[in-house]
Amino acid sequence: MTVSEPLEGRTAVVTGASSGIGRAIAEHLGNAGAHVFLSGRTAASMEDSKKKIEESGGKASVVTGDVRDVAQIRSLVDTAVEATGRLDIMVNNAGLSYPASIVEGDAEEWRAMLETNILALLVGCQSAVKAMRACGAEGQIVNISSVAAQRSNSGVYGSTKHAVNSISSSLRDELEDDTIRITNVMPGAIATNFARSFDRDFINTMGKMAGMDIELEKGDRLSPEALDTLAENMKQLLGHPNDVARAVLYAVTQPIEVNIADIVVRPPKSMSVPH
Ligand SMILES: NC(=O)c1ccc[n+]([C@@H]2O[C@H](COP(=O)([O-])OP(=O)(O)OC[C@H]3O[C@@H](n4cnc5c(N)ncnc54)[C@H](OP(=O)(O)O)[C@@H]3O)[C@@H](O)[C@H]2O)c1
């Protein structure tokens, strides 16, 4: 007798799957039997994840795209539906933070956060609901918010995550008679490349505290191996993307009558920088 994986026969789309939390979620869903569509702008890392998923017997497809172009989000969902005939899980994860203050901040950086963290997530939710209804799925929509949404003074980035919490709650109400559940996930500080637009001194000091010889410039990305070392050596302050991915997998494998509505996944200590 063969034991089937919990997400066998399901189709999942994950935005921001080229790095960090989204990549870990995509790999967990793929390893649990879903056909995962990984989306992001950086193809190489998504191809690596696809290979890993396929080597463990799963199915994965890579769709490169920019979520700030709403037509590309709709087309991503269409691609998954055309290829597999269905959509069961949508993870709206792509996001970014520019931590400058409101007084000193740059309007184009605000636009990038508003379009990526809010508008793309809204369009992702809407496209997913239409696709899930069309195939009669017991659907799961997962929105990646942040613990920044638990504080009222978490800057422009935090404001975008307050919006995510509100969108998740409103959509949950809209869909209470549907077979589609909404899970809102609020991670604390997680070791990813999320901090690449933060103050360099902060990141380099963090690296030194972790015993790592790193000297980063603004925009530089750390390798997955370096991020693993950072998470391992800073366990009190930084979670691992897999910690969030396991929580998401738990939520999307519940019976449809059970809504894991809000999840906070964080390391034991908290940092003062919004994340
Ligand atoms: N790490 C944390 O401490 C933390 C804490 C709370 C919440 N979060 C949230 O977790 C989510 C994932 O962040 P992360 O920590 O995993 O950071 P990350 O390693 O920087 O990953 C961000 C992902 O979003 C994608 N992305 C950004 N802008 C995009 C765009 N315009 N079009 C398509 N993809 C885009 C990136 O893909 P590209 O390859 O295209 O750049 C990347 O895959 C975000 O929503 C973030 O707000 C993170």
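**Exercise 1. In this predicted model, find which backbone oxygen lies 2.6 Å from a polar atom of the side chain of Thr116, and describe the surroundings of that residue.**

Step 1. The backbone oxygen in question belongs to Ala112.

Step 2. Thr116 itself is part of helix 4, which covers residues 107–134.

Step 3. The relative accessible area of Thr116 is 9%, and since buried means under 20%, Thr116 is classed as buried.

Step 4. Once neighbours within four places in sequence are set aside, the residues in contact with Thr116 are Val67, Arg68, Ala94, Gly95, Leu96 and Leu121.

**Exercise 2. Determine which parts of the chain the salt bridge between Arg133 and Asp178 ties together, and place this pair among the other salt bridges of the structure.**

Step 1. The side chains of Arg133 and Asp178 meet with an N to O distance of 2.9 Å, which satisfies the cut-off of 4 Å for a salt bridge.

Step 2. Arg133 belongs to helix 4, whereas Asp178 sits in the loop between helix 5 (155–174) and strand 6 (180–187), so the pair ties together parts that are 45 residues apart in sequence.

Step 3. With a relative accessible area of 48%, Arg133 is partly exposed.

Step 4. The structure holds ten salt bridges, among them the pair Lys208 and Glu215 at 3.3 Å, N to O, and the pair Lys235 and Glu232 at 3.2 Å, N to O. Lys208 counts as partly exposed at 49% relative accessibility, while Glu215 counts as exposed at 58%, and Glu232 is partly exposed at 48%.

Step 5. A network of salt bridges links Arg23, Glu27 and Lys52.

**Exercise 3. Characterise the interface of domain 1 and domain 2, stating how many salt bridges the rule finds across it.**

Step 1. The domain assignment gives domain 1 as 11–190 + 239–264 and domain 2 as 191–238, and the C-alpha centres of these domains lie 24 Å apart.

Step 2. In terms of contacts, 17 residues of domain 1 meet 14 residues of domain 2, and the area buried between the domains is about 1100 Å², with carbon and sulfur atoms giving 52% of it. Ser97, Ile190 and Gly239 supply 31% of the area that domain 1 buries against domain 2, more than any other three residues.

Step 3. Across this interface the rule finds zero salt bridges, although four residue pairs are found in polar contact, both residues being at pLDDT 80 or more.

Step 4. On the side of domain 1 that touches domain 2, helix 1 (residues 20–31) gives the most, with three residues, and by class this side has eight nonpolar, six polar and three charged residues.

Technical notes: Residues are numbered from 1 along each chain as its sequence is written. This is a predicted model: local features need pLDDT of at least 70, side-chain atom pairs count only at pLDDT 80 or more; totals for chains, interfaces and linings use all residues. Side-chain values use heavy atoms; hydrogens and water are left out. Domain bounds come from an automatic or database domain assignment. Contact means heavy atoms within 4.5 Å. Buried area is the accessible area (1.4 Å probe) that two parts lose on being put together, summed over both. A polar contact is a pair of N or O atoms within 3.5 Å; within protein, one must be able to donate a hydrogen and the other to accept it, and residues adjacent in sequence count only if both atoms are side-chain atoms. Helices (H or I, at least four residues) and strands (E, at least two) are DSSP runs, numbered from the N terminus. Ala, Val, Leu, Ile, Met, Phe, Trp, Tyr, Cys and Pro count as nonpolar, Asp, Glu, Lys and Arg as charged, and the others, Gly among them, as polar. Buried means under 20% relative accessible area, exposed over 50%, partly exposed in between (1.4 Å probe, protein chains only).
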